[in-house]
Amino acid sequence: TSIRCINSKYVSKIFRQCDLSTRRLLKDSNCDDINGLYDLTKSKHLQDDHVLRSSQSKASSSKMMQTTMNQQVINHLDNLKEQNCIMKVLRSYLNTIEINAWYNITKSLSKNLFSFSRKALVFCLANKSNLFRWKKSDTNACTFCQKPETQLNVLSNCSIAANQNRYTWRHNSVLRTLSNYVMQLQQYGYKIFIDLDGYSSPSSLFKSCRPDVVLLKDDEITVIELTVCFETNIEKSKQYKLEKYKHLENDLQKPIRSFTLITVEITTLGFYKKHKSLVKLLKDYNINVSRCYEKMGECALRASYFIYTQRNKEWTNPLELLFY
């Protein structure tokens, strides 16, 4: 499926629906002259006529037309080198339900956030690299690191911004949202350790490592490791964390009977793929796992928007975002 861009019908779709209805009326008319007009104009409406011949009803023809239009959008996107970069990765990594979940998050946001998410999706934000390409800026250099100020550089890859803890702030904001849901497990006998101020630290369980979340119950440990990554790096980030923590069990101060590692990847624009083990864990205790992921996605998107708007400004160590 293509990624929808507005919460309304496209003008092109309305035009095609009207055109299809007109062709159907001409084709099914009892008037020979009207039928003759249909035959005379066939060469200009080959696609619509193919839809009418291939479907049995008005509903099925409309559905077939929509499928055709969706495929045309995808084919058009596939011919775009840069603008399709993110969407191509997302279409290969996420299913329709997960893409629609992101759409539902963004459609209720304020105008500026909605606009940011759509422009970022096709690499059309007004960063210096794009402004330089559009001949509206004399330089494409990042104010801080002097590398080209691309969307990747601004949202995930600026070394100076990283040193200023801008990306850590976003990560901890999303982790704070996740923590609100996993803390509900306390009432079911879990001891919870979270790498945030105000919680018991996971470092008390490990010799040298400090994962994001540790759940301890009945001599069983579940570790949740969160990554907020750029859209094109979802799989790469997941594999990096799995490799980094593949021997994490050996770092425990005391041996444990059962050990599970769960990685959670939320992208800079708020896309996510649910981890089956985390879904099962939360659902077993009637915790709203869908809302948990949705709020983490929204938090990541809002944090990225703030990082983008502050890209050329001093970082003032704002409070972590709270979305429950």
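This passage walks through the fold, cores, aromatic pairs and open spaces of one predicted model.

The chain is built from 14 helices and four strands. It has 324 residues, and 45% of them count as buried. Contacts between residues at least 6 apart in sequence give a useful view of how the chain is put together: 61% of them join residues at least 24 apart.

A good place to begin is the interior. The largest nonpolar core has 34 residues, and those touching the most other members are Leu215, Ile224, Val264, Ile266 and Tyr293. Two or more residues of this core come from each of helix 6 (96-106), helix 11 (166-182), helix 13 (276-283) and helix 14 (289-309), and likewise from strand 1 (191-194), strand 2 (213-217), strand 3 (220-229) and strand 4 (258-267). Helix 14 provides the largest share, with six residues. Tyr293 merits a second look for its surroundings: with neighbours within four places in sequence left aside, Tyr293 is in contact with Val264 and Ile266, with the run Tyr272, Lys273, Lys274 and His275, and with Leu278 and Val279. Another core, of 23 residues, lies apart from the one just described, and its members include Met87, Tyr93, Leu121 and Tyr308.

Two further residues help to fill in the picture of the buried parts. Leu248 sits in the loop between helix 12 (234-244) and strand 4. Leu248 is buried, since its relative accessible area of 2% is under the 20% limit. Beyond the residues within four places in sequence, the contacts of Leu248 are Phe206, Cys209, Pro211, Val223 and Phe259. Of these partners, Val223 is 25 residues away from Leu248 along the chain, and the two C-alpha atoms are separated by 9.3 Å. The other residue is Lys295, which is found in helix 14. With a relative accessible area of 16%, Lys295 is also classed as buried. Residues up to four places away in sequence aside, Lys295 touches Thr177, Tyr181, Phe323 and Tyr324.

Attention now turns to the aromatic rings. Ten aromatic pairs are present in the structure. In one of them, Phe116 and Tyr305 have ring centres 5.4 Å apart and planes at 70°, so the arrangement is edge-to-face. Because Phe116 belongs to helix 7 (residues 111-121) and Tyr305 to helix 14, this pair ties together parts that are 189 residues apart in sequence. The two partners differ in burial class: Phe116 is buried at 3% relative accessibility, whereas Tyr305 is partly exposed at 22%. A second pair is formed by Trp169 and Phe306, with ring centres 5.5 Å apart and planes at 50°, so this one is tilted. Distant parts of the chain are again linked, as Trp169 lies in helix 11 and Phe306 in helix 14, 137 residues apart. Trp169 has a relative accessible area of 7% and is buried, while Phe306, with 29%, is partly exposed. Ring pairs also join Phe116, Tyr305 and Tyr308 into a cluster. Tyr308 has been met already, as a member of the core of 23 residues.

The remaining features concern empty space. Rolling a probe the size of a water molecule over the atoms reveals where such space is left. The largest pocket has a volume of about 600 Å³. Its lining comprises 24 residues, with Tyr167, His171, Thr227, Val228 and Lys241 lying nearest the centre. At least two lining residues are supplied by each of helix 9 (151-157), helix 11, strand 3 and helix 12. Helix 11 contributes the most, with six residues. By class, the pocket lining divides into nine nonpolar, eight polar and seven charged residues.

Enclosed space is found as well, in the form of two cavities of 30 Å³ or more. The largest cavity holds about 70 Å³. The residues around it are Cys142, Phe144, Glu149, Asn153, Val154, Cys158, Ala161 and Arg166, together with Ile307 and Arg311. Six of these lining residues are nonpolar, one is polar and three are charged.

Conventions: Residues are numbered from 1 along each chain as its sequence is written. This is a predicted model: local features need pLDDT of at least 70, side-chain atom pairs count only at pLDDT 80 or more; totals for chains, interfaces and linings use all residues. Side-chain values use heavy atoms; hydrogens and water are left out. A nonpolar core is a set of buried Ala, Val, Leu, Ile, Met, Phe, Trp, Tyr and Cys residues joined through side-chain atoms within 4.5 Å. Buried means under 20% relative accessible area, exposed over 50%, partly exposed in between (1.4 Å probe, protein chains only). Contact means heavy atoms within 4.5 Å. On a 1 Å grid over the protein atoms alone, a cavity is a set of points where a 1.4 Å probe fits but cannot get out, and a pocket is an open set with protein on both sides within 12 Å along at least five of seven lines; lining residues have an atom within 4 Å of a point. Grid points are joined across faces, edges and corners, and a volume is the space filled by probe spheres set on the points. Ala, Val, Leu, Ile, Met, Phe, Trp, Tyr, Cys and Pro count as nonpolar, Asp, Glu, Lys and Arg as charged, and the others, Gly among them, as polar. Rings of Phe, Tyr and Trp (its six-membered ring) pair if their centres lie within 6.5 Å; planes under 30 degrees apart count as stacked, over 60 as edge-to-face and the rest as tilted.
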